[in-house]
Amino acid sequence: MLAEAVALISERLVEPHHSPPGDCDLAVAVNPDPATLRAAWAALHPGGMCYSEWYSPLTGGPEGVRRRLEAAGFTGITCYWPWPWPDRGSPLFWLPIEAPEALHYFLTTRPRAPSMMLRAWSMLLQALWHLGLRARLILPICVTAHKPRAVEADANLLDTIRAGWSAWDLGLTPKRLSWLLLTGGQSSINKVVGLVFADSDRQPRMIVKWPRVPESIHALAQEAATLQAVQALRPGGMPDVPRVIFFRECAGRTALGETVLKGQ
């Protein structure tokens, strides 16, 4: 299923051992051994991305995955735990395993179960999840990383957000930003939403939306235009209406940053 998904988003699909060196934008692997990671690194052009899924409990948790990827030469490594598992269904969320503030926010904002029995079951599941995290038994671990660029001119989105943080009146520039990704929705073309956490904050400071497929771009641009029109009419803000922080369309990539509103 993963291979079919990669084929759907790719102009060309090749095996890493048969690819010209430095020719690929994206490498995807499941439970890769060192030889596969080296082949993926060689196949990527500078700045190319690697996505990998690790299902073995012998991996050694996020630390073990990070060591393997760094040994192969990758940088910018981020480890996520998705649910449902990607090989069993379409994940609804991706938790950044190494960002405790984002994990705390997610676990403490789950909807309250309607019955005492379900609440007890939910508390048990959370306790087991924390135990598994400490014992490095949380599976699978899904990881993004990239091959270093020759010149670090093409900043990723989190770097761009960090650079604009103070100018957007969000406070002092944070040392570290992390994502909690929400990928559910009623339709396959619904937007992906990223909750942005700064340093040790336990509340997201902004949300960022991306189009999942080209068909979503128009809806995202319309949302940005509508919110900006509201801001123009009410510069001081309107209750229960988010404020646009940035709207970026660059090299075929679209992203909308907004202030955070709590509620449903």
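# Packing and backbone features of the model

User: In this predicted model, which are the buried residues of helix 4?

Analyst: The model is a prediction, and burial here means a relative accessible area under 20%. Helix 4 spans residues 100-108, and its buried residues are E101, A102, L103, Y105, F106 and L107.

User: Against which elements do the buried residues of helix 4 pack?

Analyst: The packing partners include one helix as well as several strands. The buried residues of helix 4 pack against helix 5, strand 4 (93-96), strand 6 (177-182) and strand 7 (192-198).

User: Which helix gives the largest share of the largest nonpolar core?

Analyst: The largest nonpolar core holds 34 residues, and those with the most contacts inside it are L69, F74, L95, V143 and L180. Its largest share amounts to five residues, and these come from helix 4.

User: Which residues does L95 touch, leaving aside those up to four places away in sequence?

Analyst: L95 is among the residues with the most contacts inside the largest core. With residues up to four places away in sequence not counted, L95 touches L180, which is also among those with the most contacts inside this core. The full set of residues touched by L95 is C79, Y80, W81, L103, F106, W129 and L180.

User: How many residues does the second, separate core have?

Analyst: This core is separate from the largest one and includes C142, I161, W179 and I245. Its number of residues is 21.

User: Are helix 2 and helix 3 parallel or oblique to each other?

Analyst: Two packed helices are described by the angle between their axes and the distance between the axes. The axes of helix 2 (residues 34-43) and helix 3 (residues 61-72) come within 9 Å and cross at roughly 50°, and the crossing is right-handed. Angles under 35 degrees count as roughly parallel, and 65 to 115 as roughly perpendicular; the two helices are therefore oblique.

User: How do the residues of the contact of helix 2 with helix 3 divide into nonpolar, polar and charged?

Analyst: On the helix 2 side the residues are L37, R38 and W41, and they meet R68, L69 and A72 in helix 3. Arg counts as charged, whereas Leu, Trp and Ala count as nonpolar. The contact therefore divides into four nonpolar, no polar and two charged.

User: Is E223 buried or exposed?

Analyst: E223 is placed in helix 7 (residues 217-233) and touches K191, K209, L256 and E258, not counting residues up to four places away in sequence. Its relative accessibility is 19%, and because the cut-off for burial is under 20%, E223 counts as buried.

User: How far apart in space are H130 and L103, C-alpha to C-alpha?

Analyst: H130 is found in helix 5 (residues 116-134) and is partly exposed, with a relative accessible area of 33%, while L103 is one of the buried residues of helix 4. The two are 27 residues apart in sequence, yet their C-alpha to C-alpha separation in space is 9.9 Å.

User: Where is P140, which a cis peptide bond joins to L139?

Analyst: The cis bond between L139 and P140 has omega of about -10°. A cis peptide bond also runs from W83 to P84, with omega near -10°, and P84 lies in the loop between strand 3 (75-83) and strand 4. The place of P140 is in the loop between helix 5 and strand 5 (141-146).

User: What is the value of phi for N31?

Analyst: N31 sits in the loop between strand 1 (24-30) and helix 2, and at 41% relative accessibility N31 counts as partly exposed. Its phi is positive although the residue is not glycine, with a value near 50°.

Note on methods. Residues are numbered from 1 along each chain as its sequence is written. This is a predicted model: local features need pLDDT of at least 70, side-chain atom pairs count only at pLDDT 80 or more; totals for chains, interfaces and linings use all residues. Side-chain values use heavy atoms; hydrogens and water are left out. A nonpolar core is a set of buried Ala, Val, Leu, Ile, Met, Phe, Trp, Tyr and Cys residues joined through side-chain atoms within 4.5 Å. Buried means under 20% relative accessible area, exposed over 50%, partly exposed in between (1.4 Å probe, protein chains only). Helices (H or I, at least four residues) and strands (E, at least two) are DSSP runs, numbered from the N terminus. Contact means heavy atoms within 4.5 Å. Axes are lines fitted to C-alpha atoms, for helices over the stretch in contact, and angles run from 0 to 180 degrees between N-to-C directions. Angles under 35 degrees count as roughly parallel, over 145 as roughly antiparallel, 65 to 115 as roughly perpendicular and the rest as oblique. A crossing is left-handed if the near helix is turned anticlockwise from the far one by less than a right angle, and right-handed if clockwise.
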